[in-house]
Amino acid sequence: MICFQTRGALGATAFLLLAAPAFAHATLETSEARAGASYKAVIRIPHGCDGQATEVLTVSIPDGLLDVKPMPKPGWTLEIRTGALSGSFTVAGKPVTEGVREIVWRGGHLADAHYDEFVFRGRFDASLAGRAVPIPIVQTCASATVSWTDVAAPGQDPHALASPAPVVRIVSGEGSGHGHGAPAGAAAAAPIAVGGAWIPATPAGAKVAGGYAVIANATPEADTLTGGTFDVAGRVEIHEMSDAGGVMRMRELAEGLPVPAGGKAELKPGGLHLMLMDLKRQLKDGETVRGTLRFRKAGDVPVEFRVRPLGSRDAGGGHHHH
Ligand SMILES: [Cu+2]
């Protein structure tokens, strides 16, 4: 779809992609796992503790990560700490109450200038489908530690964390690749966070509406917004507005909108936006419109858009992002 509007009504074009921080985090090679299926965790350690070599690596195993087996590593002693599980899980049809809680590789010497990988395998319980599960990691050096253990609180932007624990997004085992029905708490801690989402109210009879939000990607991999679904709209397109000789032109991003690793994409008036097409009814100031945004890797992320007065230019008080 191509549509035109005059510059006066829409203001300046804006396009904002914030760069990823230059800080190298401990990360997982694969940040998505299928519920109920075997998952190979490859932990990537990019540096030591403030110049010192890493001598111990401790990995905390989250609840519901079962059948955990670490890969021995030449030059390192492997230690497996077991303990009580919180939550009820079954392995091979039998209830289990104990399991691996921590894996420790120790006695090695990973120089600050070097890179290495630590591997274990396990299986995320089917009940974790749709959740984002952090795997906290601690590097211990001769006289310092680096803790990759920060987990986003509900509503907190995971991108703002100084030392984020790597997160695995658990997708449904049924093969769709999309984690449906994530509980609200899990959505807030998800690697893809959608904040400050709003839609301007529509005049009676309008068939389209713009949708705006800030999308933060806390994962080490780029993702792509490919579309979404809303009860109030027949379909959703992703548009970019640009200035063609004083005429504001909208074009559809048929390939989707990239969200860089550790970065953000901002959807706002005059720039990138969602276009809700074939509106089924008028959108009124003050109501909340629910939907999902679809990402190539993260799957479907539930979102709530607040409807703001007709003619609004931003998300309004308390919802303004940065
Ligand atoms: Cu548009």
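A nonpolar core is a set of buried Ala, Val, Leu, Ile, Met, Phe, Trp, Tyr and Cys residues joined through C-beta atoms within 7 Å. With that in hand, welcome to this predicted model, in which the largest such core has 36 residues. The protein chain holds two helices and 24 strands, and buried residues account for 38% of its 322 residues. Among contacts between residues at least 6 apart in sequence, 74% join residues at least 24 apart. Here is a tour by topic.

**The nonpolar cores**

- In the largest core, the members that touch the most other members are Val194, Ala213, Ile215 and Leu225.
- Isoleucine 215 is a good residue to click on: leaving aside residues up to four places away in sequence, isoleucine 215 touches Ile192, Val194, Leu225, Val259, Lys264 and Ala265.
- There is also a second, separate core of 34 residues, and its members include Ala35, Ile43, Leu57 and Leu128.
- As general background, nonpolar side chains in soluble globular proteins tend to be buried together.

**The five-strand sheet**

- Five strands make up an open sheet with antiparallel pairing, in the order 8-9-6-12-13.
- Strand 8 and strand 13 (145–148) are the edge strands, and each of them pairs on one side only.
- From one strand to the next, the twist averages 15°.
- Strand 8 (residues 77–91) runs antiparallel to strand 9, and 11 bridges join the two.
- These two strands form a hairpin with two residues between them, and alanine 92 in the turn has a positive phi of about 50°.
- On its other pairing, strand 9 (residues 94–110) meets strand 6 (residues 54–60) in the antiparallel sense over six bridges.
- Isoleucine 103 of strand 9 is a handy landmark: isoleucine 80 stands opposite isoleucine 103, and isoleucine 103 is also the bridge partner of valine 59.
- Further along the sheet, strand 12 (residues 137–141) and strand 13 run antiparallel and are joined by four bridges, with threonine 140 opposite threonine 145.

**The three-strand sheet**

- Another open sheet has three strands in the order 4-14-11, and its pairing is mixed.
- Strand 4 (32–34) and strand 11 (132–134) stand at the edges with a single partner strand each, so one side of each has no neighbour in the sheet.
- The twist here averages 35° from one strand to the next.
- Strand 4 pairs with strand 14 (residues 167–171) in the parallel sense, over three bridges; arginine 34 has valine 171 in strand 14 as its bridge partner.
- In general, strands of a sheet pair through backbone hydrogen bonds, either parallel or antiparallel.

**Strand 18 and its partners**

- Strand 18 (residues 233–244) pairs with strand 22 (residues 272–279) in the antiparallel sense over seven bridges, and alanine 233 stands opposite leucine 279.
- Strand 18 also runs antiparallel to strand 19 (residues 247–252), with six bridges joining them.
- Where strand 18 meets strand 19, alanine 244 stands opposite valine 247.
- Strands 18 and 19 form a hairpin with two residues between them, and glycine 245 in the turn has a positive phi of about 60°.

**Two loop residues with distant partners in sequence**

- Aspartate 231 lies in the loop between strand 17 (223–230) and strand 18.
- Is aspartate 231 buried or exposed? Aspartate 231 has 9 other C-beta atoms within 10 Å, and a residue counts as exposed at 12 or fewer, so aspartate 231 is exposed.
- Not counting residues up to four places away in sequence, aspartate 231 touches Arg290 and Gly291.
- The C-alpha atoms of aspartate 231 and glycine 291 are 6.7 Å apart in space, although the two residues are 60 residues apart in sequence.
- Proline 46 sits in the loop between strand 5 (38–45) and strand 6.
- Proline 46 has 13 other C-beta atoms within 10 Å; partly exposed lies between 12 or fewer and 20 or more, so proline 46 is partly exposed.
- With residues up to four places away in sequence set aside, proline 46 touches Ala24 and Tyr115.
- Proline 46 and tyrosine 115 are 69 residues apart along the chain, and their C-alpha atoms are separated by 5.0 Å.

Definitions and conventions
Residues numbered from 1 in each chain as written. Predicted model: local features only at pLDDT ≥ 70, side-chain atom pairs only at ≥ 80, totals over all residues. Pairing = 2+ DSSP bridges. Axes fitted to C-alpha atoms, helices over the stretch in contact; angles between N-to-C directions. Contact = placed C-beta atoms within 7 Å.
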